[in-house]
Amino acid sequence: MTHWILKVKLKLMPLLDVQHLSVSFVHNGQRKHVVQDLSFVLEPGETLGLVGESGSGKSVSCLALLGLLPQPPAKVEGGRAFFEGIDLLQVSEKRLGKIRGQSMGIVFQDPSSSLNPYLTIGSQLAEGLIAHTNMGRRAARLKCIEALEAVGIADAGVRLNEYPHVFSGGMRQRVMIAMALLLNPQLLIADEPTTALDVTVQAQILSLLKTRQAALGTAMILVTHDLGVAARMCDRLILLRQGKVEEAGTAEAIFYAPQSLYAKELLAAVPTLPAIV
Amino acid sequence: MLQLIIRRLLQAIPVLFLIATATFFLIHLAPGGPFHQERPLSPQVLEALNAHYGLNDPWIVQYGRYLNHLLHGELGPSYGHPGHTVNELIAQSLPVSIELGLWAWVFSLIVGIPLGVWAAEKQHRWFDRVCSTVSTLGLCLPTFVLGPLLMLGLAVGLGIGNVCGWGSWEDRLLPVLTLGLVHAAYVLRLTRGGMLEVLNQDFIRTARAKGLSGWTVLFKHALRGGLLSVVAFAGPQLSALVTGSFVVETIFHIPGLGRHFVQAAFNRDYTLILGTTLLYGALIIVMNLMADLMQAWLNPRLRVSML
(Lines give C-alpha, C1' and ligand atoms only; values in the text may rest on other atoms or scores of the structure.)
Protein backbone atom coordinates (compact mmCIF):
# COMPACT_ATOMS: atom_id res chain seq x y z
CA MET A 1 0.00 0.00 0.00
CA THR A 2 2.69 2.47 1.06
CA HIS A 3 4.75 1.24 -1.83
CA TRP A 4 1.99 2.19 -4.24
CA ILE A 5 1.64 5.64 -2.70
CA LEU A 6 5.39 6.15 -2.97
CA LYS A 7 5.29 5.27 -6.62
CA VAL A 8 2.55 7.78 -7.34
CA LYS A 9 4.44 10.37 -5.34
CA LEU A 10 7.61 9.71 -7.33
CA LYS A 11 5.67 10.02 -10.56
CA LEU A 12 4.30 13.39 -9.50
CA MET A 13 7.62 14.66 -8.27
CA PRO A 14 10.00 16.34 -10.71
CA LEU A 15 13.25 14.50 -11.35
CA LEU A 16 15.32 17.29 -9.88
CA ASP A 17 14.03 20.10 -7.70
CA VAL A 18 16.65 22.69 -6.81
CA GLN A 19 15.60 25.29 -4.24
CA HIS A 20 17.57 28.40 -3.31
CA LEU A 21 21.03 26.99 -4.02
CA SER A 22 23.83 29.30 -2.91
CA VAL A 23 27.54 28.66 -3.26
CA SER A 24 30.49 30.78 -2.20
CA PHE A 25 34.24 30.62 -2.67
CA VAL A 26 36.98 31.92 -0.42
CA HIS A 27 39.56 33.79 -2.44
CA ASN A 28 42.46 35.67 -0.85
CA GLY A 29 40.70 35.51 2.48
CA GLN A 30 37.51 37.03 1.07
CA ARG A 31 34.26 35.17 0.66
CA LYS A 32 32.69 35.63 -2.76
CA HIS A 33 29.16 34.52 -3.59
CA VAL A 34 29.33 32.67 -6.87
CA VAL A 35 25.82 31.26 -7.02
CA GLN A 36 22.94 33.01 -5.25
CA ASP A 37 19.45 31.70 -4.75
CA LEU A 38 19.26 29.43 -7.80
CA SER A 39 16.01 27.49 -8.06
CA PHE A 40 14.73 25.32 -10.88
CA VAL A 41 12.78 22.17 -11.58
CA LEU A 42 13.69 19.52 -14.12
CA GLU A 43 11.17 16.99 -15.41
CA PRO A 44 12.19 13.55 -16.68
CA GLY A 45 13.39 13.66 -20.29
CA GLU A 46 13.54 17.43 -20.39
CA THR A 47 16.52 19.54 -21.45
CA LEU A 48 17.38 22.59 -19.40
CA GLY A 49 20.00 25.05 -20.51
CA LEU A 50 22.13 26.98 -18.02
CA VAL A 51 23.33 29.95 -20.03
CA GLY A 52 25.57 32.84 -19.12
CA GLU A 53 28.96 34.38 -19.59
CA SER A 54 32.17 33.00 -18.07
CA GLY A 55 32.11 33.17 -14.29
CA SER A 56 28.33 33.44 -14.05
CA GLY A 57 28.14 30.31 -11.91
CA LYS A 58 26.89 27.76 -14.45
CA SER A 59 29.50 25.08 -13.90
CA VAL A 60 29.76 25.71 -10.19
CA SER A 61 26.02 25.07 -9.77
CA CYS A 62 26.35 21.72 -11.53
CA LEU A 63 29.42 20.68 -9.58
CA ALA A 64 27.65 21.64 -6.35
CA LEU A 65 24.74 19.35 -7.25
CA LEU A 66 27.17 16.53 -7.95
CA GLY A 67 29.13 17.12 -4.75
CA LEU A 68 32.29 17.58 -6.82
CA LEU A 69 33.20 21.07 -5.65
CA PRO A 70 36.49 21.22 -3.79
CA GLN A 71 35.41 22.19 -0.27
CA PRO A 72 37.26 24.30 0.81
CA PRO A 73 37.70 26.75 -0.96
CA ALA A 74 34.10 26.31 -2.09
CA LYS A 75 31.18 26.17 0.32
CA VAL A 76 27.54 25.37 -0.29
CA GLU A 77 25.90 28.14 1.74
CA GLY A 78 22.40 26.83 1.60
CA GLY A 79 19.56 25.45 -0.41
CA ARG A 80 18.19 22.04 -1.19
CA ALA A 81 18.36 19.86 -4.26
CA PHE A 82 15.96 16.96 -4.34
CA PHE A 83 16.87 14.26 -6.83
CA GLU A 84 14.15 11.60 -6.84
CA GLY A 85 13.25 12.73 -3.34
CA ILE A 86 16.79 12.69 -1.92
CA ASP A 87 18.49 15.95 -0.99
CA LEU A 88 21.83 15.85 -2.81
CA LEU A 89 23.25 18.58 -0.60
CA GLN A 90 22.51 16.72 2.65
CA VAL A 91 23.10 13.09 1.76
CA SER A 92 26.28 11.32 2.92
CA GLU A 93 29.33 11.30 0.66
CA LYS A 94 29.09 7.54 0.19
CA ARG A 95 25.41 7.62 -0.80
CA LEU A 96 26.02 10.58 -3.10
CA GLY A 97 28.82 8.65 -4.81
CA LYS A 98 26.39 5.85 -5.53
CA ILE A 99 23.73 8.23 -6.91
CA ARG A 100 26.31 10.08 -8.97
CA GLY A 101 27.64 6.92 -10.53
CA GLN A 102 24.31 5.26 -11.19
CA SER A 103 21.66 7.86 -11.81
CA MET A 104 23.63 10.83 -13.09
CA GLY A 105 26.04 11.03 -15.97
CA ILE A 106 28.46 13.88 -16.50
CA VAL A 107 30.23 15.08 -19.62
CA PHE A 108 32.92 17.66 -18.91
CA GLN A 109 34.23 20.46 -21.06
CA ASP A 110 37.70 19.32 -22.03
CA PRO A 111 37.85 15.73 -23.26
CA SER A 112 41.65 15.86 -23.52
CA SER A 113 42.06 16.15 -19.78
CA SER A 114 38.98 14.40 -18.46
CA LEU A 115 40.07 10.88 -19.42
CA ASN A 116 42.82 9.22 -17.45
CA PRO A 117 45.93 9.03 -19.69
CA TYR A 118 47.35 6.09 -17.72
CA LEU A 119 44.42 3.69 -18.17
CA THR A 120 42.86 2.09 -21.24
CA ILE A 121 39.51 3.34 -22.51
CA GLY A 122 38.06 -0.07 -21.71
CA SER A 123 39.06 -0.11 -18.07
CA GLN A 124 37.79 3.45 -17.58
CA LEU A 125 34.46 2.59 -19.16
CA ALA A 126 33.98 -0.70 -17.38
CA GLU A 127 34.92 0.38 -13.87
CA GLY A 128 31.70 2.32 -13.30
CA LEU A 129 29.64 -0.65 -14.47
CA ILE A 130 31.53 -3.07 -12.28
CA ALA A 131 31.36 -0.78 -9.25
CA HIS A 132 27.61 -0.16 -9.43
CA THR A 133 26.16 -3.36 -10.89
CA ASN A 134 26.97 -6.97 -10.19
CA MET A 135 28.13 -7.36 -13.76
CA GLY A 136 31.18 -9.55 -14.45
CA ARG A 137 34.14 -8.41 -16.49
CA ARG A 138 33.05 -10.18 -19.67
CA ALA A 139 29.53 -8.84 -19.55
CA ALA A 140 30.85 -5.38 -18.75
CA ARG A 141 33.16 -5.55 -21.76
CA LEU A 142 30.32 -6.47 -24.08
CA LYS A 143 28.21 -3.64 -22.71
CA CYS A 144 31.11 -1.22 -23.23
CA ILE A 145 31.52 -2.30 -26.85
CA GLU A 146 27.79 -1.72 -27.33
CA ALA A 147 28.06 1.72 -25.73
CA LEU A 148 31.01 2.76 -27.90
CA GLU A 149 29.21 1.63 -31.03
CA ALA A 150 26.16 3.62 -29.99
CA VAL A 151 28.25 6.81 -29.95
CA GLY A 152 29.64 6.05 -33.40
CA ILE A 153 33.05 4.58 -32.63
CA ALA A 154 33.91 1.86 -35.12
CA ASP A 155 35.97 -1.20 -34.23
CA ALA A 156 34.97 -0.75 -30.60
CA GLY A 157 36.37 -4.10 -29.48
CA VAL A 158 39.89 -3.06 -30.51
CA ARG A 159 39.60 0.51 -29.34
CA LEU A 160 38.72 -0.58 -25.81
CA ASN A 161 42.34 -1.68 -25.36
CA GLU A 162 43.74 1.65 -26.48
CA TYR A 163 44.79 4.63 -24.40
CA PRO A 164 43.14 8.08 -24.61
CA HIS A 165 46.14 9.73 -26.27
CA VAL A 166 45.54 7.89 -29.55
CA PHE A 167 41.96 9.28 -29.74
CA SER A 168 41.12 12.63 -31.31
CA GLY A 169 39.28 15.29 -29.29
CA GLY A 170 35.92 14.49 -30.83
CA MET A 171 36.44 10.77 -30.28
CA ARG A 172 37.34 11.35 -26.65
CA GLN A 173 34.18 13.35 -26.13
CA ARG A 174 32.23 10.48 -27.70
CA VAL A 175 33.89 8.17 -25.19
CA MET A 176 32.92 10.56 -22.38
CA ILE A 177 29.32 10.54 -23.58
CA ALA A 178 29.31 6.75 -23.78
CA MET A 179 30.74 6.64 -20.28
CA ALA A 180 28.18 9.08 -18.91
CA LEU A 181 25.25 7.17 -20.39
CA LEU A 182 26.53 3.67 -19.67
CA LEU A 183 24.25 3.00 -16.72
CA ASN A 184 21.17 4.64 -18.31
CA PRO A 185 21.10 7.54 -15.87
CA GLN A 186 17.95 9.59 -15.40
CA LEU A 187 19.98 12.79 -15.57
CA LEU A 188 22.84 13.82 -17.82
CA ILE A 189 24.83 16.92 -16.96
CA ALA A 190 26.78 18.26 -19.90
CA ASP A 191 29.17 21.01 -18.83
CA GLU A 192 30.12 22.90 -22.00
CA PRO A 193 30.50 19.61 -23.88
CA THR A 194 31.51 21.18 -27.18
CA THR A 195 33.51 24.25 -26.16
CA ALA A 196 36.89 22.57 -26.58
CA LEU A 197 36.05 21.06 -29.96
CA ASP A 198 36.22 22.07 -33.61
CA VAL A 199 33.09 23.67 -35.03
CA THR A 200 32.37 20.71 -37.33
CA VAL A 201 32.91 18.24 -34.51
CA GLN A 202 30.71 20.40 -32.25
CA ALA A 203 27.73 19.82 -34.50
CA GLN A 204 28.32 16.06 -34.54
CA ILE A 205 28.65 15.85 -30.77
CA LEU A 206 25.49 17.93 -30.21
CA SER A 207 23.39 15.78 -32.49
CA LEU A 208 24.87 12.67 -30.89
CA LEU A 209 23.88 13.98 -27.45
CA LYS A 210 20.39 14.67 -28.73
CA THR A 211 19.86 11.25 -30.33
CA ARG A 212 21.25 9.35 -27.34
CA GLN A 213 19.15 11.46 -24.98
CA ALA A 214 16.03 10.73 -26.99
CA ALA A 215 16.83 7.02 -27.22
CA LEU A 216 17.32 6.66 -23.47
CA GLY A 217 14.76 9.22 -22.25
CA THR A 218 17.38 10.98 -20.15
CA ALA A 219 16.86 14.46 -18.77
CA MET A 220 19.71 16.86 -19.44
CA ILE A 221 21.21 19.98 -17.94
CA LEU A 222 23.27 21.64 -20.63
CA VAL A 223 25.74 24.26 -19.51
CA THR A 224 26.80 26.56 -22.30
CA HIS A 225 27.71 30.12 -23.11
CA ASP A 226 26.83 29.56 -26.75
CA LEU A 227 23.34 30.90 -27.40
CA GLY A 228 23.15 29.01 -30.71
CA VAL A 229 23.78 25.71 -28.94
CA ALA A 230 21.22 26.58 -26.28
CA ALA A 231 18.60 27.46 -28.87
CA ARG A 232 19.14 24.22 -30.70
CA MET A 233 19.20 21.87 -27.75
CA CYS A 234 17.10 23.18 -24.88
CA ASP A 235 13.42 23.15 -23.94
CA ARG A 236 13.89 25.68 -21.19
CA LEU A 237 16.64 28.12 -20.34
CA ILE A 238 17.98 29.79 -17.24
CA LEU A 239 20.03 32.88 -17.89
CA LEU A 240 22.63 33.45 -15.19
CA ARG A 241 24.62 36.57 -14.52
CA GLN A 242 27.11 36.94 -11.68
CA GLY A 243 25.55 34.00 -9.89
CA LYS A 244 21.99 35.29 -10.03
CA VAL A 245 19.12 34.22 -12.24
CA GLU A 246 18.56 36.99 -14.74
CA GLU A 247 15.76 35.36 -16.63
CA ALA A 248 14.17 31.92 -16.87
CA GLY A 249 11.63 30.46 -19.23
CA THR A 250 11.12 28.43 -22.36
CA ALA A 251 13.76 28.79 -25.05
CA GLU A 252 11.22 30.44 -27.38
CA ALA A 253 10.17 32.98 -24.82
CA ILE A 254 13.72 34.07 -24.07
CA PHE A 255 14.84 34.21 -27.67
CA TYR A 256 11.75 35.88 -29.14
CA ALA A 257 10.47 37.91 -26.23
CA PRO A 258 13.28 38.59 -23.75
CA GLN A 259 12.05 40.40 -20.66
CA SER A 260 15.22 41.48 -18.87
CA LEU A 261 17.56 44.14 -20.18
CA TYR A 262 20.50 41.73 -19.88
CA ALA A 263 18.83 39.12 -22.08
CA LYS A 264 18.05 41.74 -24.69
CA GLU A 265 21.62 43.00 -24.66
CA LEU A 266 23.00 39.49 -24.83
CA LEU A 267 20.84 38.60 -27.83
CA ALA A 268 21.76 41.82 -29.54
CA ALA A 269 25.43 40.98 -29.07
CA VAL A 270 25.19 37.76 -31.06
CA PRO A 271 27.08 38.47 -34.27
CA THR A 272 24.98 38.21 -37.42
CA LEU A 273 26.11 37.92 -41.01
CA PRO A 274 25.45 41.18 -42.83
CA ALA A 275 23.08 40.76 -45.75
CA ILE A 276 25.21 40.64 -48.88
CA VAL A 277 22.50 40.33 -51.48
CA MET B 1 61.55 -3.17 -25.97
CA LEU B 2 64.50 -5.59 -26.29
CA GLN B 3 65.83 -3.35 -29.05
CA LEU B 4 65.70 -0.40 -26.69
CA ILE B 5 67.62 -2.26 -23.98
CA ILE B 6 70.32 -3.39 -26.43
CA ARG B 7 70.62 0.09 -27.90
CA ARG B 8 70.97 1.69 -24.49
CA LEU B 9 73.59 -0.85 -23.37
CA LEU B 10 75.59 -0.23 -26.55
CA GLN B 11 75.40 3.50 -25.89
CA ALA B 12 76.88 2.79 -22.47
CA ILE B 13 80.22 1.69 -23.99
CA PRO B 14 81.32 5.11 -25.28
CA VAL B 15 80.00 6.72 -22.10
CA LEU B 16 82.10 4.45 -19.90
CA PHE B 17 85.09 5.02 -22.18
CA LEU B 18 84.68 8.77 -21.73
CA ILE B 19 84.36 8.38 -17.97
CA ALA B 20 87.54 6.30 -17.86
CA THR B 21 89.43 8.82 -20.02
CA ALA B 22 88.30 11.88 -18.12
CA THR B 23 88.95 10.30 -14.74
CA PHE B 24 92.35 9.01 -15.79
CA PHE B 25 93.68 12.37 -16.94
CA LEU B 26 92.03 14.38 -14.17
CA ILE B 27 93.52 12.26 -11.43
CA HIS B 28 96.94 12.32 -13.09
CA LEU B 29 96.72 16.10 -13.35
CA ALA B 30 96.38 16.29 -9.56
CA PRO B 31 99.71 17.04 -7.90
CA GLY B 32 101.53 14.26 -6.12
CA GLY B 33 101.45 10.53 -6.72
CA PRO B 34 100.47 7.30 -5.01
CA PHE B 35 103.75 7.05 -3.11
CA HIS B 36 104.09 10.65 -1.97
CA GLN B 37 103.62 10.50 1.77
CA GLU B 38 104.02 12.82 4.71
CA ARG B 39 107.27 11.12 5.58
CA PRO B 40 109.03 11.05 2.22
CA LEU B 41 110.39 7.75 0.98
CA SER B 42 114.03 7.61 0.02
CA PRO B 43 114.55 8.51 -3.66
CA GLN B 44 115.79 5.02 -4.48
CA VAL B 45 112.68 3.34 -3.03
CA LEU B 46 110.38 5.82 -4.76
CA GLU B 47 112.17 5.25 -8.04
CA ALA B 48 111.92 1.48 -7.64
CA LEU B 49 108.18 1.63 -6.84
CA ASN B 50 107.44 3.94 -9.77
CA ALA B 51 109.41 1.68 -12.07
CA HIS B 52 107.62 -1.40 -10.75
CA TYR B 53 104.16 0.05 -11.45
CA GLY B 54 105.28 1.72 -14.68
CA LEU B 55 104.51 5.22 -13.35
CA ASN B 56 107.57 6.68 -15.07
CA ASP B 57 106.16 6.04 -18.52
CA PRO B 58 104.47 8.89 -20.38
CA TRP B 59 100.78 9.32 -19.48
CA ILE B 60 99.64 8.20 -22.87
CA VAL B 61 101.48 4.89 -22.49
CA GLN B 62 100.01 4.37 -19.01
CA TYR B 63 96.59 5.26 -20.39
CA GLY B 64 96.93 2.72 -23.21
CA ARG B 65 98.03 0.05 -20.75
CA TYR B 66 95.09 0.80 -18.47
CA LEU B 67 92.58 0.58 -21.33
CA ASN B 68 94.12 -2.72 -22.40
CA HIS B 69 93.67 -4.11 -18.89
CA LEU B 70 90.16 -2.76 -18.80
CA LEU B 71 89.24 -4.61 -21.98
CA HIS B 72 90.32 -7.82 -20.26
CA GLY B 73 88.19 -7.00 -17.25
CA GLU B 74 91.21 -6.12 -15.10
CA LEU B 75 91.06 -2.93 -13.07
CA GLY B 76 94.73 -3.16 -12.20
CA PRO B 77 96.72 -3.38 -8.96
CA SER B 78 95.83 -1.01 -6.15
CA TYR B 79 98.68 1.36 -5.19
CA GLY B 80 97.26 2.09 -1.77
CA HIS B 81 96.64 -1.55 -0.84
CA PRO B 82 99.84 -3.35 -1.88
CA GLY B 83 99.31 -6.95 -2.91
CA HIS B 84 95.61 -6.41 -3.75
CA THR B 85 94.07 -5.80 -7.11
CA VAL B 86 91.21 -3.33 -7.48
CA ASN B 87 89.00 -6.24 -8.57
CA GLU B 88 89.66 -7.92 -5.22
CA LEU B 89 88.97 -4.79 -3.21
CA ILE B 90 85.67 -4.20 -4.99
CA ALA B 91 84.69 -7.85 -4.68
CA GLN B 92 85.27 -7.65 -0.93
CA SER B 93 83.51 -4.40 -0.17
CA LEU B 94 80.78 -4.12 -2.80
CA PRO B 95 78.52 -6.86 -1.34
CA VAL B 96 78.52 -5.06 2.00
CA SER B 97 77.59 -1.75 0.39
CA ILE B 98 74.95 -3.41 -1.79
CA GLU B 99 73.31 -4.95 1.25
CA LEU B 100 73.33 -1.72 3.23
CA GLY B 101 72.22 0.35 0.26
CA LEU B 102 69.47 -2.03 -0.81
CA TRP B 103 67.95 -2.20 2.68
CA ALA B 104 68.09 1.58 2.98
CA TRP B 105 66.51 1.94 -0.47
CA VAL B 106 63.70 -0.50 0.29
CA PHE B 107 63.13 1.18 3.65
CA SER B 108 62.92 4.63 2.05
CA LEU B 109 60.33 3.45 -0.50
CA ILE B 110 58.22 1.48 1.98
CA VAL B 111 58.10 4.43 4.36
CA GLY B 112 58.17 7.32 1.89
CA ILE B 113 55.56 6.28 -0.67
CA PRO B 114 52.60 5.43 1.61
CA LEU B 115 53.22 8.48 3.81
CA GLY B 116 53.52 10.69 0.73
CA VAL B 117 50.29 9.36 -0.77
CA TRP B 118 48.44 9.85 2.48
CA ALA B 119 49.87 13.32 3.02
CA ALA B 120 48.68 14.34 -0.45
CA GLU B 121 45.23 12.89 0.21
CA LYS B 122 45.06 14.87 3.48
CA GLN B 123 46.56 18.07 2.07
CA HIS B 124 46.57 20.93 4.60
CA ARG B 125 45.31 18.66 7.38
CA TRP B 126 47.41 17.93 10.45
CA PHE B 127 48.79 14.64 9.05
CA ASP B 128 50.12 16.42 5.97
CA ARG B 129 51.62 19.20 8.08
CA VAL B 130 53.38 16.74 10.36
CA CYS B 131 54.74 14.78 7.37
CA SER B 132 55.94 17.90 5.61
CA THR B 133 57.65 19.28 8.70
CA VAL B 134 59.32 16.01 9.63
CA SER B 135 60.46 15.35 6.05
CA THR B 136 61.93 18.85 5.76
CA LEU B 137 63.79 18.17 9.00
CA GLY B 138 64.96 14.85 7.59
CA LEU B 139 66.29 16.59 4.48
CA CYS B 140 68.14 19.17 6.55
CA LEU B 141 69.78 16.63 8.86
CA PRO B 142 73.03 15.37 7.35
CA THR B 143 73.79 11.70 7.92
CA PHE B 144 76.75 12.58 10.14
CA VAL B 145 74.31 14.25 12.53
CA LEU B 146 71.48 11.76 12.22
CA GLY B 147 73.82 8.75 12.67
CA PRO B 148 75.21 9.79 16.05
CA LEU B 149 71.73 10.95 17.15
CA LEU B 150 70.30 7.50 16.39
CA MET B 151 73.27 5.89 18.16
CA LEU B 152 72.56 7.96 21.25
CA GLY B 153 68.81 7.58 21.18
CA LEU B 154 68.34 3.99 20.07
CA ALA B 155 71.53 2.10 20.85
CA VAL B 156 72.66 3.85 24.01
CA GLY B 157 69.26 5.01 25.24
CA LEU B 158 66.96 2.12 24.40
CA GLY B 159 69.48 -0.61 23.75
CA ILE B 160 68.22 -1.25 20.22
CA GLY B 161 70.88 -2.03 17.61
CA ASN B 162 74.66 -1.77 17.75
CA VAL B 163 76.78 1.31 17.18
CA CYS B 164 79.41 -0.33 14.98
CA GLY B 165 80.38 -3.44 13.05
CA TRP B 166 78.76 -5.46 10.30
CA GLY B 167 77.85 -8.95 11.52
CA SER B 168 74.41 -9.50 13.01
CA TRP B 169 71.14 -7.82 12.05
CA GLU B 170 71.49 -5.55 15.07
CA ASP B 171 74.60 -4.13 13.45
CA ARG B 172 72.64 -3.39 10.29
CA LEU B 173 69.72 -1.65 11.98
CA LEU B 174 71.18 1.77 12.72
CA PRO B 175 73.14 2.34 9.49
CA VAL B 176 70.13 1.28 7.43
CA LEU B 177 67.91 3.64 9.42
CA THR B 178 70.39 6.50 9.09
CA LEU B 179 70.71 6.14 5.35
CA GLY B 180 67.07 5.15 4.82
CA LEU B 181 65.43 7.94 6.81
CA VAL B 182 67.08 10.71 4.82
CA HIS B 183 66.06 9.11 1.53
CA ALA B 184 62.58 8.35 2.85
CA ALA B 185 62.19 12.09 3.37
CA TYR B 186 63.06 12.68 -0.29
CA VAL B 187 60.70 9.96 -1.46
CA LEU B 188 57.91 11.28 0.75
CA ARG B 189 58.18 14.78 -0.68
CA LEU B 190 58.39 13.57 -4.26
CA THR B 191 55.40 11.26 -3.79
CA ARG B 192 53.36 13.98 -2.12
CA GLY B 193 54.18 16.48 -4.85
CA GLY B 194 53.46 14.02 -7.66
CA MET B 195 50.20 12.90 -6.11
CA LEU B 196 49.01 16.46 -5.49
CA GLU B 197 49.64 17.31 -9.12
CA VAL B 198 47.68 14.30 -10.34
CA LEU B 199 44.86 14.70 -7.80
CA ASN B 200 44.15 18.18 -9.18
CA GLN B 201 43.70 16.88 -12.73
CA ASP B 202 40.34 16.77 -14.46
CA PHE B 203 40.38 13.00 -14.88
CA ILE B 204 40.33 12.56 -11.11
CA ARG B 205 37.09 14.56 -11.07
CA THR B 206 35.78 12.26 -13.81
CA ALA B 207 36.68 9.22 -11.71
CA ARG B 208 34.88 10.69 -8.70
CA ALA B 209 31.92 11.57 -10.90
CA LYS B 210 31.63 7.87 -11.72
CA GLY B 211 30.96 7.30 -8.03
CA LEU B 212 34.11 5.26 -7.45
CA SER B 213 35.32 4.87 -3.89
CA GLY B 214 38.07 7.12 -2.57
CA TRP B 215 40.52 4.21 -2.52
CA THR B 216 39.88 3.32 -6.14
CA VAL B 217 40.35 6.92 -7.20
CA LEU B 218 43.57 7.17 -5.20
CA PHE B 219 45.20 3.89 -6.15
CA LYS B 220 43.82 3.09 -9.58
CA HIS B 221 43.61 6.58 -11.05
CA ALA B 222 46.15 8.74 -9.23
CA LEU B 223 49.03 6.55 -8.06
CA ARG B 224 50.53 5.74 -11.48
CA GLY B 225 50.97 9.34 -12.48
CA GLY B 226 51.95 10.36 -8.99
CA LEU B 227 54.81 7.89 -8.82
CA LEU B 228 56.50 8.90 -12.08
CA SER B 229 58.85 11.38 -10.44
CA VAL B 230 59.58 8.95 -7.60
CA VAL B 231 60.65 6.31 -10.11
CA ALA B 232 62.87 8.78 -11.94
CA PHE B 233 64.52 9.61 -8.62
CA ALA B 234 64.68 6.16 -7.04
CA GLY B 235 66.49 4.48 -9.96
CA PRO B 236 69.68 6.57 -9.99
CA GLN B 237 69.37 6.84 -6.21
CA LEU B 238 69.78 3.09 -5.90
CA SER B 239 73.11 3.22 -7.72
CA ALA B 240 74.33 5.90 -5.33
CA LEU B 241 73.14 3.89 -2.33
CA VAL B 242 74.68 0.55 -3.32
CA THR B 243 78.07 2.05 -4.09
CA GLY B 244 78.21 3.02 -0.48
CA SER B 245 78.00 6.08 1.68
CA PHE B 246 81.38 7.21 2.95
CA VAL B 247 79.90 9.02 5.93
CA VAL B 248 77.63 6.24 7.15
CA GLU B 249 80.28 3.58 6.59
CA THR B 250 82.80 5.62 8.52
CA ILE B 251 80.46 6.39 11.44
CA PHE B 252 79.41 2.78 11.87
CA HIS B 253 82.72 1.16 10.88
CA ILE B 254 81.31 -0.77 7.98
CA PRO B 255 83.78 -2.37 5.54
CA GLY B 256 81.95 -1.08 2.46
CA LEU B 257 82.94 0.51 -0.83
CA GLY B 258 82.20 4.09 0.18
CA ARG B 259 85.45 4.59 2.09
CA HIS B 260 87.47 3.47 -0.97
CA PHE B 261 86.04 6.35 -2.99
CA VAL B 262 87.36 8.96 -0.61
CA GLN B 263 90.54 7.31 0.57
CA ALA B 264 91.59 6.43 -2.97
CA ALA B 265 91.26 10.05 -3.99
CA PHE B 266 93.37 11.22 -1.03
CA ASN B 267 96.00 8.57 -1.61
CA ARG B 268 96.18 9.15 -5.38
CA ASP B 269 95.39 5.46 -5.73
CA TYR B 270 94.84 5.93 -9.47
CA THR B 271 93.52 2.50 -10.31
CA LEU B 272 91.15 2.30 -7.36
CA ILE B 273 89.65 5.70 -8.19
CA LEU B 274 89.17 4.65 -11.78
CA GLY B 275 87.68 1.31 -10.75
CA THR B 276 85.15 2.74 -8.30
CA THR B 277 84.21 5.59 -10.64
CA LEU B 278 83.63 3.21 -13.56
CA LEU B 279 81.55 0.95 -11.33
CA TYR B 280 79.43 3.88 -10.20
CA GLY B 281 79.03 5.05 -13.80
CA ALA B 282 77.99 1.61 -15.01
CA LEU B 283 75.48 1.27 -12.19
CA ILE B 284 73.97 4.68 -12.93
CA ILE B 285 73.54 3.73 -16.58
CA VAL B 286 71.83 0.45 -15.69
CA MET B 287 69.59 2.00 -13.03
CA ASN B 288 68.57 4.83 -15.31
CA LEU B 289 67.59 2.29 -17.92
CA MET B 290 65.53 0.42 -15.32
CA ALA B 291 63.88 3.67 -14.22
CA ASP B 292 63.02 4.51 -17.85
CA LEU B 293 61.52 1.07 -18.42
CA MET B 294 59.52 1.38 -15.22
CA GLN B 295 58.25 4.81 -16.25
CA ALA B 296 57.24 3.47 -19.64
CA TRP B 297 55.35 0.71 -17.89
CA LEU B 298 53.53 3.31 -15.78
CA ASN B 299 52.91 5.85 -18.52
CA PRO B 300 51.55 4.64 -21.88
CA ARG B 301 52.36 7.93 -23.57
CA LEU B 302 56.07 7.38 -22.94
CA ARG B 303 56.00 3.94 -24.54
CA VAL B 304 55.38 5.39 -27.97
CA SER B 305 58.12 8.00 -27.80
CA MET B 306 60.71 5.58 -26.43
CA LEU B 307 60.47 2.94 -29.14
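Select A:Leu239 first: its partner across the strand pair is A:Glu247 in β10(A). The model is a predicted one, in which local features need pLDDT of at least 70, side-chain atom pairs count only at pLDDT 80 or more, and totals for chains, interfaces and linings use all residues. Residues are numbered from 1 along each chain as its sequence is written, chains are lettered from A and ligands numbered from 1 in the order in which they are written, and side-chain values use heavy atoms, with hydrogens and water left out.

**The sheet of chain A**

Extend the selection to strand β9 (residues 236-241) and strand β10 (residues 244-250) of chain A, which pair in the antiparallel sense over six bridges. Strands are DSSP runs of E with at least two residues, helices are runs of H or I with at least four, and both are numbered from the N terminus; two strands pair if DSSP finds at least two bridges between them. Two residues separate β9(A) from β10(A) in this hairpin, and A:Gln242 in the turn has a positive phi of about 50°.

Next, display strand β3 (residues 47-51) of chain A, which runs parallel to β9(A) and is joined to it by four bridges. Here A:Val51 stands opposite A:Leu239. β3(A) also pairs in the parallel sense with strand β8 (residues 219-224) of chain A, over five bridges, and A:Leu48 has A:Ile221 as its bridge partner there.

Now show the whole open sheet: six strands of chain A in the order β6-β7-β8-β3-β9-β10, with mixed pairing. β6 (104-107) and β10 of chain A are the edges, each with a single partner strand, so one side of each has no neighbour in the sheet.

**A helix on the sheet**

Add helix α11 (residues 261-269) of chain A, which lies across β9 and β10 of chain A and runs at about 100° to β9(A). Axes are lines fitted to C-alpha atoms, for helices over the stretch in contact, and angles run from 0 to 180 degrees between N-to-C directions.

**Chain B**

Move to helix α8 (residues 202-209) of chain B. Its buried residues (under 20% relative accessible area, 1.4 Å probe, protein chains only) are B:Phe203, B:Ile204, B:Thr206, B:Ala207 and B:Ala209. They pack against α3, β6 and α7 (169-181) of chain A, together with α7 (169-199) and α9 (214-226) of chain B. Just after α8(B), select B:Gly211, which takes a positive phi of about 75°.

Finish with helix α4 (residues 86-121) and helix α10 (residues 228-242) of chain B, packed at about 155° with their axes 8 Å apart.

Methods:
Contact means heavy atoms within 4.5 Å. Buried means under 20% relative accessible area, exposed over 50%, partly exposed in between (1.4 Å probe, protein chains only).
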